[in-house]
Amino acid sequence: MAEIPSLPQRAFVVGAQRREELASAFQSDAESYDKIRPSYPQEALDFTLQHRPATAVDIGCGSGIFTEQLVSAGLEVTAVDPSADMLSVLSKRLPQIEVVCATGEATGLAADSADLVTYAQAWHWVDHPQASAEAARLLRDGGWLTLLWNQLDVTVPWVHRLARIMHAGDVHRPELEPPLGPQFQKPEHGIWHWSMELDFHEIIELTKSRSYYRKSSDTTRAKVEANLAWYWHEHLGHEPDKKVQVPYLTHAWRSRRRPRRRPRR
């Protein structure tokens, strides 16, 4: 296999047609996604809640992994996602909270109704100007928008190559600032390094939870799995059932909503 090239300088920018095509991969099979995707470090949750919000809208909530952490911290949370299948898994986990099947660009929720809007693992699935405008509409003056990602720590060379073989999508530089609309101030950044213990079966399940794999043909899927088997067993030398600490990182940005312009009297 060829050497991995350097990390790209751009991230988050996906054409609308391609974004919609890949995002449609999460309209089904939510339970398998939920079983393998990790939660977020306590430090990332603390970063999100530093300004002590009482109400939150978690957009692109998926199966509710981060939603559950917000609820456990005592927030009143509304969960929004375009996938009814994802929301069904979330509702089993958190039957007490309101769920809305909608996109981040048009949630249908009331204006000025939240102290916090969060996107965990989801900002790359929306049109950034439209989603920024909608988040700003939902937030009260002084409210915050927080964007979070868990990703394989591709600053580690062997993990970078693994991510490439998985077509994981998270091979951008974590310090790259996500695009926000003019309604928001320059975001503050946080990053936390950790690891997730995985064996080969779990590496495969993690790969299967990715949009690239879900939208690929059977032939492409078989090729991806064969390449992973070669890399994991022959190149890295791991036995199938060996648990390996796979380096991860969580990076997040938080940005305060700019004050609304009040009409002159």
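A nonpolar core is a set of buried Ala, Val, Leu, Ile, Met, Phe, Trp, Tyr and Cys residues that are joined through side-chain atoms within 4.5 Å. The views below are all taken from a predicted model, and the first of them shows a core of this kind.

**View 1. The largest nonpolar core of the protein has 28 residues.** The residues with the most contacts inside this core are F66, L70, L75, L116 and L148. Several helices and strands give two or more residues to the core, namely the helices α2 (30-36), α3 (42-48), α4 (65-72) and α5 (84-93), together with the strands β2 (76-81), β4 (114-120) and β5 (139-152). As a setting for this view, the protein has 10 helices and seven strands, and 51% of its 265 residues count as buried.

**View 2. L116 and its contacts are shown here, with neighbours within four places in sequence left aside.** L116 is in contact with T48, L49, P53, T55, A56, V57, L70, L75, L139, W144 and T146. Two of these partners, L70 and L75, are listed with L116 among the residues that have the most contacts inside the largest nonpolar core. For the protein as a whole, among contacts between residues at least 6 apart in sequence, 77% join residues at least 24 apart.

**View 3. T146 lies in strand β5.** With a relative accessibility of 0%, T146 counts as buried, because a residue is called buried when this value is under 20%. When residues up to four places away in sequence are not counted, T146 touches T48, L116, V117, T118, Y119, W253 and R254. T48 is also in contact with L116, which can help the reader to connect this view with the one before.

**View 4. Helix α7 (residues 157-166) packs with helix α10 (residues 218-235).** The angle between the two helices is about 160°, and their axes are 9 Å apart. Since an angle over 145 degrees counts as roughly antiparallel, α7 and α10 are therefore roughly antiparallel to each other. On the side of α7 the contact is made by W158, R161, L162, I165 and M166, while α10 contributes V224, N227, L228, W230, Y231, W232 and H235. Sorted by class, the residues of this contact are nine nonpolar, two polar and one charged.

**View 5. V99 is found in strand β3 (residues 98-101).** V99 has a relative accessible area of 31% and is therefore described as partly exposed, a class that lies between the buried limit of 20% and the exposed limit of 50%. Although V99 and T78 are 21 residues apart in sequence, their C-alpha atoms are 5.9 Å apart in space. Leaving aside neighbours within four places in sequence, V99 is in contact with A79, L87, L90 and S91.

**View 6. R52 and D112 are shown here as residues that have a positive phi although neither is a glycine.** R52, with a phi of about 55°, is found in the loop between α3 and β1 (55-59). The relative accessible area of R52 is 78%, and this residue is exposed. D112, with a phi of about 50°, has its place in the loop between β3 and β4. D112 counts as partly exposed, at 39% relative accessibility. As a setting for these two residues, the protein exposes about 12,800 Å², of which carbon and sulfur atoms supply 49%.

Note on methods
Residues numbered from 1 in each chain as written. Predicted model: local features only at pLDDT ≥ 70, side-chain atom pairs only at ≥ 80, totals over all residues. Heavy atoms only, no water. Axes fitted to C-alpha atoms, helices over the stretch in contact; angles between N-to-C directions. Helix = DSSP H or I, 4+ residues; strand = E, 2+ residues; numbered from the N terminus. Parallel < 35°, antiparallel > 145°, perpendicular 65-115°, else oblique. Contact = heavy atoms within 4.5 Å. Nonpolar A, V, L, I, M, F, W, Y, C, P; charged D, E, K, R; others polar. Buried < 20%, exposed > 50% of the residue type's maximum accessible area, 1.4 Å probe, protein only. Areas by Shrake-Rupley, 256 points an atom, 1.4 Å probe, with all protein chains shown as cover.
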